[in-house]
Amino acid sequence: MIVVGGEALADLVPGAPLDSTVDGGLRALLPRMGGGPYNVALAAGRLGVPTGFLSRVSNDRFGVALVDRLHASGVDTALLQRGNEPTTLAVVALDEKGSARYTFYTEGTADRLVGDPGPLPENVTALSLGTLGMVLEPGASTYETVLRRESARGVLTVLDPNIRAALITDPAAYRARFESWLPHVRLLKISDDDTEWLAEGADPVEAAKVWTSCGVDAVVLTRGAKGLSVITRAGEIAQVPSRPVAVVDTIGAGDTVQGALLAWLYSNEVRDVSTLDAGGWRSALEFAAKAASITVSRSGAEPPTAGDMASAV
């Protein structure tokens with residue numbers, strides 16, 4: 001079983017434009033259930049692999065919708081905690097290319113108050129963490145504890161920092177904390193932009209090589225139009241191009257890559273990514289790129305199902 005831990009929130013996504021004379025031409029905001037780790041869990045669950053979600057979710061209307069969507073996507077909620085705190089909100093702005101920028105409302109919200117569940121069930125083979133869950137306290141310390149404990153017992157640990165710089169009040173401290181996680185992370189999935197932020201402008205491939213020397217077995221770089229690359233301790237061993245598609249927006253694209261990689265690794269019984277050769281990695285990246293191409297062709301974070309993948313060209 002795969003367990004994904006981190007925040008679940010409500011994205012407020014721009015809808016159809018209003019008349020320019022109404023409220024300054026602002027677009028109506030439509031609620032979409034999201035959050036990086038939440039989307040990862042949806043992506044893996046929809047692809048038909050056993051997936052659980054570890055978080056704390058509000059009892060408000062957004063929280064009810066979040067849980068309903070998990071169930072509809074086949075995600076197990078046995079590790080889910082509930083509370084009366086409000087749901088985190090993320091207001092999304094889209095640029096002319098459909099790329100998303102976020103403004104977050106996180107004070108006193110449910111997901112950051114997640115408690116330590118203790119050792120995960122014995123059937124858990126992979127743990128995926130990231131985004132706000134690894135930033136906002138006290139939840140970040142909880143997830144860090146889970147990461148270290150599960151790594152020590154041999155679980156495949158996967159991290160996507162998914163940097164939200166506006167919420168990182170001390171970048172130097174966060175970078176140091178990130179480096180402290182690396183010996184406990186087997187697979188790091190990260191975008192070029194996030195790599196440049198973490199490595200303070202360094203070339204993403206060179207930064208990835210440094211991180212593998214710190215203990216990470218493999219780094220998967222998401223590179224936008226350049227596709228996906230994987231860097232292992234042997235160097236950059238595989239690349240795949242992005243798939244041509246009409247992009248509606250990029251919300252959830254990286255999360256879909258993460259969920260699809262987890263699903264591919266589980267389905268192919270890969271518990272140790274250091275055993276994958278270039279051909280294996282190429283197959284994994286092609287699967288992830290295909291899944292992400294379906295997500296970006298839709299509005300909001302709507303990862304594909306196994307059926308969608310089978311029917312896509």
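## Exercises on a predicted chain

Of the 313 residues in the chain, 55% are buried, where buried means under 20% relative accessible area with a 1.4 Å probe and protein chains only. This is a predicted model, in which local features need pLDDT of at least 70 and side-chain atom pairs count only at pLDDT 80 or more, whereas totals for chains, interfaces and linings use all residues. Residues are numbered from 1 along each chain as its sequence is written, and side-chain values use heavy atoms, with hydrogens and water left out.

**Exercise 1.** Determine how the radius of gyration of the chain stands against the globule rule.

*Solution.* Begin with the secondary structure, which comes to 9 helices and 15 strands, these being DSSP runs numbered from the N terminus (helices H or I, at least four residues; strands E, at least two). The radius of gyration is 18 Å, close to the 20 Å that the rule gives for 313 residues, so the chain is as compact as a globular protein of that length; the radius is taken over C-alpha atoms, and the rule is 2.2 Å times the number of residues to the power 0.38.

**Exercise 2.** Work out which strands stand at the edges of the open sheet, and why one side of each lacks a neighbour.

*Solution.* First, write the order of the 9 strands, 6-4-1-10-11-12-13-14-15, with mixed pairing; two strands pair if DSSP finds at least two bridges between them. Next, strand 6 (75–76) and strand 15 (235–240) each have a single partner strand, so one side of each is left without a neighbour in the sheet. Finally, strand 6 pairs with strand 4 (residues 51–54) in the parallel sense over 2 bridges, and Val75 is the bridge partner of Thr51.

Conventions
Buried < 20%, exposed > 50% of the residue type's maximum accessible area, 1.4 Å probe, protein only.
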